Amino acid sequence: MEWLNYHHLLYFWMVAKEGTVTAAARKLSLSQPTVSEQLKSLEQSLGEPLFRRAGRRLELTEVGQVVFRYADEIFALGREMQDALVGRGLGARPAKLHVGVSDLVPKLVLYRLLEPALTLEERVQLVCREDKTERLLGELSMQSLDLVIAEAPLARQAKVRAYNHLLGECGVTFYAAKPLAKALTRGFPESLDDAPMLLPTDNTLLRRDLDQWFERRGVRPNLVAEFEDSALLKAFGQNGAGVFPGPTAIEDEIRSQYDVDVIGRAPEVRERFYAITVKRRLEHPAVRAISEAAKARIFAS
């Protein structure tokens, strides 16, 4: 077995952090050709490319992301050892929970889901990465992530071998800035006909369910804008651009944070949230805490 050269790993780690070989070489007080050569040696020893070019910068490949995660742990442990030897940082090192978050999951829901992991007796440090679900599942398959939180289950035909764990579900509430909400509350849901509406994009499960609900109710809202980012959708709604849907389970939080009022509810339109893991059972203590709290508190009703 070929032993890992930790000098090569350090050069790789610095390039990943700085984004270019030139910037990394400057930090390391080395020449650019030296860093490039050592980086090439590491890729050859691992048998995989670690970077791809993105304009003037370098970005990590999927394998590079895995290597970077381990390198980050290695050098963090080294710094911790140095601190311990000079009498600092003697406390227990917190375990890390690497969570992939679908960009379609509302941020307020996400906070309430993950909060229990921060209150465990054994300290846990959260590392959250937000991206498209498909890309996050690729990282999950390489065990760069401990779990993925998504608004839809992993499809049976997906290439990734993983398991869905339903955290909970709730109905949908329609919100708007106070003047608009006041005008539309009476006569709901018919009052939504021709009302300015802000919706998630049509590639989402929630959007398809909402479109079917509108059709069943004979309502044709005036679609003002579509969003992939749920926080951006709510920000537009907060400023009076239109009515927007949100999970009923966090109704109080949405009203308070965005200063909006409730127009009405659609309990038959369901929002569901899943933890996706590579293991059939939830073994990580923090992941179990997230699941148990979700079912007992957030989505109990």
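How far apart are the end C-alpha atoms of α11, and what should its 14 residues span at 1.5 Å a residue? The end C-alpha atoms of α11 are 19 Å apart, which agrees with an expected 20 Å, the expected span being 1.5 Å times one less than the number of residues.

The model is predicted, so that local features need pLDDT of at least 70 and side-chain atom pairs count only at pLDDT 80 or more, while totals for chains, interfaces and linings use all residues. Residues are numbered from 1 along each chain as its sequence is written, and side-chain values use heavy atoms, with hydrogens and water left out.

**View 1. The open sheet.** Six strands, in the order β4-β3-β5-β10-β6-β9, form an open sheet of mixed pairing; strands are DSSP runs (E, at least two residues) and helices likewise (H or I, at least four), numbered from the N terminus, and two strands pair if DSSP finds at least two bridges between them. Because β4 (124-131) and β9 (244-247) each have a single partner strand, one side of each is left without a neighbour in the sheet.

**View 2. Strands β6 and β10.** Strand β6 (residues 163-177) pairs with strand β10 (residues 260-277) in the antiparallel sense over 13 bridges. Within β10, G264 stands opposite F174.

**View 3. Helix α11 and its cover.** The buried residues of helix α11 (under 20% relative accessible area, 1.4 Å probe, protein chains only) include A286, V287, I290 and I298. Among the elements that cover the buried residues of α11 are β3, α5 (107-114) and β6, where contact means heavy atoms within 4.5 Å.

Terms used:
Buried < 20%, exposed > 50% of the residue type's maximum accessible area, 1.4 Å probe, protein only.
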